Amino acid sequence: MNQRTRLSMLVIQILIVSLLMALFGRLFYLQVAAGPKYRDAALSIQSRDTVYPATRGLIVDSSGVPLALNRTGLAVTIDRLALDKQPDKGQAVLKKLAKLLKLQYEDVYRKTRLCGELEVGSRSGCWTGTRYQPIPITKEASTNVALQVVERPDEFPGVGATPIAIRNYPGTVGVNAAHILGYLGPLTDADLAGVNGKTYYRSESIGKSGLEIQYDSYLRGIPGIRTVIVDRKEAITSEGQNTNSIPGDHLVTSLDVRVQAAAESALADAVARSRASGYRADSGAAVVMDVKTGRVIAMASYPTYNPNMWEKGLTVKQAEALFSEENGVPALSRPTQGRFAPASTFKVVSIIAAANAGYDLKKSYACPANVKVGTRTFNNFESKAQGTASIKQLMAVSCDTVWYQISFDEWLRDGGLSPIKNPKDYFFKAAAGFQINTKTGIDLPSEAAGRLPDREWKKNWHEANKDFYCNYREKAAKSQQTQFLLLLAKENCLDGDKVRAGDAVNFSIGQGDTLVTPLKLTQMYAAIANGGTLWKPTVGRAIVKTDGTVIKTIDPVKTGTIAADRKTIKFLKESLREVILTGTGARTFAGFPVPVSGKTGTGEVFGRNPDGSLKDNTSWFASYAPSNNPQYAVVMMLSQGGFGSPNSGVGVRKIYETIFGVVNNKIVPENVLFPDGLPTTLPKISPATKVKTNGGK
Amino acid sequence: MSLVTPRFNYYKNRSFFAGFDPILTAAVAALLFIGTLLVYAATRDWYASNGLDPEYYLKRHVINIAIGCALAWGTTLIDYRLLRAYTPIFWVLGVLGLGFVLIPGLGSEVNGAQAWIALPGGFQIQPAELAKISIIVGMSMILSERGHDSDIPTNKNVIQSLIVAAIPVSLILLQPDMGTVFIISCSVVTIIAASGASGRWVVALILVAIIGVFGAVQSGVINEYQVKRLQSFVNPNADTQGSGYQLRQARITVGSGGLIGTGLFNGPQTNGRFVPEQQTDFIFTVAGEQLGFLGSSVIILLYLTLLMRAFGIARRAIDPYGRLVCTGVTAWFAFQTFENIGMTLGLMPMTGVPLPFMSYGGSSMFATLIGFGLLQNVHARQRG
């Protein structure tokens with residue numbers, strides 16, 4: 001060998017050693033340094049989880065009557081793995097199945113596709129689970145159909161029938177309660193991504209609204225998971241972990257199906273009555289609350305929908321109807337999400353304001369036909385003068401002008417348009433004592449807060465809107481440029497950031513920018529009834545395990561005290577009783593054997609309906625009973641329902657009739673719903689619990 | 001000292017292991033043994049779960065090894081210097097075999113390459129494997145010819161040797177089998193470097209190789225599936241079902257083995273057959289998963305031992321022919337090992353190259369064991 005050859009051989013040897021060293025280094029990286037990462041990757045390639053959803057907990061009323069159950073349905077399911085093995089990928093089978101189930105082939109096809117397999121935009125109805133679990137085509141097949149499928153496996157390869165749990169809202173005694181209960185639905189990508197900090201499995205259903213979402217973490221339980229190790233062809237090679245599902249806990253509510261049913265039918269009747277008198281009555285709400293705890297006994301919303309329609313598979317048409325304005329947006333829960341001007345029901349706030357401002361409530365005040373406030377004249381309701389009378393009597397006849405005067409005087413005392421430092425703001429402060437601009441905190445999702453149009457709110461409002469009003473001619477639609485509106489715009493532009501005399505006057509009778517939800521007004525009247533305490537409204541009462549162990553009780557929470565002393569509250573109660581005895585509520589409650597206290601309200605609504613007609617008044621009736629020892633607060637509201645007393649008032653009376661067992665102005669003892677008071681102990685929970693028919697005796 | 005000494009009796013009966021390098025033999029035996037276990041581990045559960053004979057691959061692998069060992073032993077029987085005389089015959093046979101596979105109806109296509117000749121009884125032969133030997137011995141013969149007093153080959157010798165390599169290589173390019181072309185090219189450059197030829201040849205050849213690869217990709221001579229393989233090497237996530245899938249699965253399988261592995265016969269990735277061609281080209285994934293870093297390191301160390309011993313034989317060879325043959329065989333083993341394990345670990349692009357001494361497959365086993373026989377032959381003759 002010569003020198004050059006020797007050198008070449010050395011270089012070659014070094015090259016070969018370094019090649020093997022490179023392999024060695026790479027091997028070290030893959031197996032030792034990055035080993036855990038690859039182990040996880042391998043595990044996710046090999047393991048398949050099948051999720052067995054847990055039995056969902058029941059939702060029951062305060063005496064144990066089920067509001068939400070699990071019914072067993074017969075599901076016809078598709079095994080995608082078997083279907084894909086067909087030469088035509090199962091097309092023929094699906095067509096035959098669609099015919100048997102009387103469904104459209106396209107719908108059936110879509111239901112069996114994973115969402116990722118379909119084009120964006122045509123995914124509705126797609127299967128959100130995995131291909132390793134049976135895909136339900138229908139959950140409510142007849143036994144006959146199921147048998148046909150099961151007995152002819154050669155004709156229906158990959159099709160099975162299996163009993164399946166369906167969430168069911170039984171509607172005992174005609175109860176709907178759709179807005180309280182909510183419904184279940186498939187998981188969204190956000191749910192799966194753990195946006196709310198919980199882990200879900202793709203095939204689970206979760207609460208989408210109402211109590212179902214509020215208490216979902218208790219109700220859903222823990223799904224069972226069977227993990228298998230599969231090979232590349234998805235054949236199972238070994239079993240991994242296998243955990244059984246743990247059933248969800250039951251939710252006991254403070255609702256009572258009988259009161260709930262009564263509230264719903266009284267509301268529907270009130271809507272019908274109001275429409276018969278020529279009002280639009282597009283929607284309404286009724287709330288029944290225990291004044292001593294804030295517990296909700298019934299809560300009705302009109303219009304409503306069938307809560308079972310989700311489990312049956314919502315059609316596009318049904319989904320659209322839920323949000324259609326023409327149908328009154330049935331999806332909206334009026335008691336918690338509808339905001340309306342409280343009108344005369346708000347005069348309880350004005351009485352407190354006047355008392356706090358030092359007015360002697362026992363004295364007589366004038367109730368003229370109108371009050372001049374600056375250049376504007378504010379008329380009494382129907383421009384009727386009521387002479388001079390005590391505040392109590394003026395409350396009974398719902399005089400407005402007395403409050404215009406007091407509110408205007410107080411506004412002037414606070415400096416008018418150039419407010420003094422630290423203005424007294426008796427009216428705003430009295431309203432703030434009821435916390436009207438915050439949510440009540442009820443255990444239901446998406447609650448709306450009321451609106452307190454005080455000085456701060458005005459400032460913010462002006463900041464946000466001055467551009468529009470100061471350039472009204474350019475920015476507003478032509479149809480909105482009437483003489484009056486142009487004037488109003490100019491005013492809003494100039495001093496919209498200030499509380500003007502008109503604002504103060506309107507506020508004193510619950511008009512103007514003041515808004516409350518029916519639930520809030522119920523809480524306010526309950527507070528007056530119980531002596532001044534604001535209780536957080538609750539629907540849930542307790543979470544109970546399947547074996548009966550109480551996991552959690554939902555106790556009443558005091559959120560505040562109203563800004564009125566004992567004397568004022570006593571006076572308020574007397575005034576509210578006077579309304580029923582001699583005032584605007586007298587005719588409605590004539591002869592009623594249980595003493596009721598309350599207030600009517602007829603709220604003017606500014607604006608037009610979609611068809612161009614002017615909006616009708618909001619009809620309110622807020623009350624509590626029995627007057628001497630209050631137990632229930634009952635409020636009804638009819639949007640565009642006309643006058644307070646004849647429409648809402650009669651509705652409220654009907655609810656009391658059910659509660660107190662009143663027939664023809666007489667108490668029928670066996671009809672009294674709670675002869676021993678509201679239930680204080682938790683009921684035994686069973687899907688079979690029946691409604692008590694004679695007051696539990 | 002004359003090249004042929006009377007002490008060598010070409011036709012004398014020799015015992016099987018006489019004159020064998022014990023360490024080289026032990027390393028190859030260990031690789032054959034581990035390879036057999038891995039082939040069995042890669043196929044046992046798969047065949048059993050399909051109701052087939054779980055020992056199907058094991059049996060055939062053992063038979064392949066037996067035939068390969070017989071061939072290796074046969075290779076050692078005749079002094080390589082005598083074999084040198086028959087070199088042209090081997091070369092022509094190799095070229096004929098390569099030509100044969102390209103004739104439609106005679107050669108069969110597997111994985112996009114027309115590289116196989118089907119034999120009766122379900123056996124197949126891959127002439128390209130055996131052509132590696134033809135090229136090595138053919139080049140070595142020409143480059144070791146000494147028509148003058150110089151110790152280095154003339155330029156004419158180098159050109160002749162390149163033609164000897166180019167003819168079979170172009171036939172393999174037609175199949176096309178890029179992995180084999182790559183390994184042969186590396187071996188050719190190595191042989192030329194070891195022959196003592198001018199360093200300019202080596203540099204020039206490397207440049208030609210780079211330009212050739214670039215030109216082939218650009219001009220579309222290379223098949224689409226090969227371009228895809230290259231692309232998926234650069235970006236393994238691009239083609240998640242094709243070759244990118246295989247490379248990713250291979251890496252996951254090796255990586256999931258960790259330090260000590262899942263235990264022989266125990267790998268869920270292997271038993272789930274997530275990596276294709278596990279008993280052949282991707283046999284190292286089985287080692288990676290089931291034997292872990294420790295076991296896989298032992299295999300690489302065995303290859304290192306084998307290559308160093310083989311290199312030692314080349315250096316100590318008593319004549320240039322022996323030296324060049326051994327260098328060629330060593331380079332072949334080294335580059336094929338590197339290409340195969342490198343592909344498994346994601347260091348090299350995917351080509352269908354088996355792992356010497358371990359992968360299932362007759363042709364490769366026979367060829368590598370014949371190469372092993374050549375090494376032993378030269379070893380046996382280097383000391384008297």
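User: In which handedness of crossing does helix 14 of chain A pass helix 17 of chain A?

Analyst: This is a predicted model. In it, the crossing of helix 14 of chain A and helix 17 of chain A is right-handed.

User: What angle do helix 14 of chain A and helix 17 of chain A pack at, and how far apart are their axes?

Analyst: The angle is about 125°, and the axes of helix 14 and helix 17 (residues 426-433) of chain A lie 8 Å apart. Therefore helix 14 of chain A is oblique to helix 17 of chain A. On the helix 14 side, the contact uses A:Val349, A:Ser350, A:Ile352, A:Ala353 and A:Asn356. Helix 17 of chain A contributes A:Tyr426, A:Phe427, A:Ala430 and A:Ala431.

User: Why would spacings of three or four places matter in a helix?

Analyst: An α-helix has 3.6 residues a turn, so residues three or four places apart point the same way. Keep that in mind for another helix of chain A. In helix 23 of chain A, the buried residues include A:Thr568, A:Phe571, A:Leu572, A:Ser575 and A:Val579. A:Ile569, A:Leu576, A:Arg577, A:Glu578 and A:Ile580 are buried too.

User: Which elements do the buried residues of helix 23 of chain A pack against?

Analyst: There are helix 14 (347-356), helix 15 (391-396), helix 22 (518-529) and strand 21 (597-603), each in chain A.

User: What span should helix 23 of chain A have, at 1.5 Å a residue?

Analyst: Its 16 residues, 566-581, should span 22 Å. The end C-alpha atoms of helix 23 of chain A are 22 Å apart, which agrees.

User: What is the wider setting in chain A?

Analyst: Chain A has 24 helices and 25 strands. Of its 697 residues, 44% count as buried. Take contacts in chain A between residues at least 6 apart in sequence: 72% of them join residues at least 24 apart.

User: Where are the cis peptide bonds at A:Pro303 and A:Pro626 placed?

Analyst: Read omega, then the location. A:Tyr302 and A:Pro303 are joined by a cis bond with omega about -5°. A:Pro303 sits in the loop between strand 12 (296-302) and helix 12 (316-322) of chain A. From A:Ala625 to A:Pro626 the bond is also cis, with omega near -15°. A:Pro626 belongs to the loop between strand 22 (618-625) and strand 23 (632-639) of chain A.

User: Is A:Lys102, with its positive phi, buried or exposed?

Analyst: A:Lys102 has phi of about 60° although it is not a glycine. Its loop runs between helix 4 (91-101) and helix 5 (105-111) of chain A. A:Lys102 has 8 other C-beta atoms within 10 Å, so it is exposed; the cut-off is 12 or fewer.

User: And is B:Phe357 buried or exposed?

Analyst: B:Phe357 is buried, because 28 C-beta neighbours lie inside 10 Å; 20 or more is the threshold. B:Phe357 also has a positive phi, about 70°, and is not a glycine. It lies in the loop between helix 12 (320-345) and helix 13 (362-382) of chain B.

User: Which elements of chain B have the lowest and the highest mean pLDDT?

Analyst: Where pLDDT is low, the predicted coordinates should not be read in detail. Among the elements of chain B, helix 8 (residues 224-234) has the lowest mean, 61. Helix 11 (residues 283-316) of chain B has the highest, 94. Chain B as a whole has a mean pLDDT of 84, with 85% of its residues at 70 or more.

User: Where in chain B does pLDDT stay under 50?

Analyst: Over residues 1-13 of chain B. For that stretch the model has 10 contacts beyond four places in sequence.

User: What ipTM and pTM does the predictor give the complex?

Analyst: The ipTM is 0.89 and the pTM is 0.67.

Terms used
Residues numbered from 1 in each chain as written. Chains lettered and ligands numbered in written order. Predicted model: local features only at pLDDT ≥ 70, side-chain atom pairs only at ≥ 80, totals over all residues. Helix = DSSP H or I, 4+ residues; strand = E, 2+ residues; numbered from the N terminus. Expected span 1.5 Å × (residues − 1). Contact = placed C-beta atoms within 7 Å. pLDDT = per-residue confidence, 0-100. Axes fitted to C-alpha atoms, helices over the stretch in contact; angles between N-to-C directions. Parallel < 35°, antiparallel > 145°, perpendicular 65-115°, else oblique. Left-handed = near helix turned anticlockwise from the far one by under 90°.
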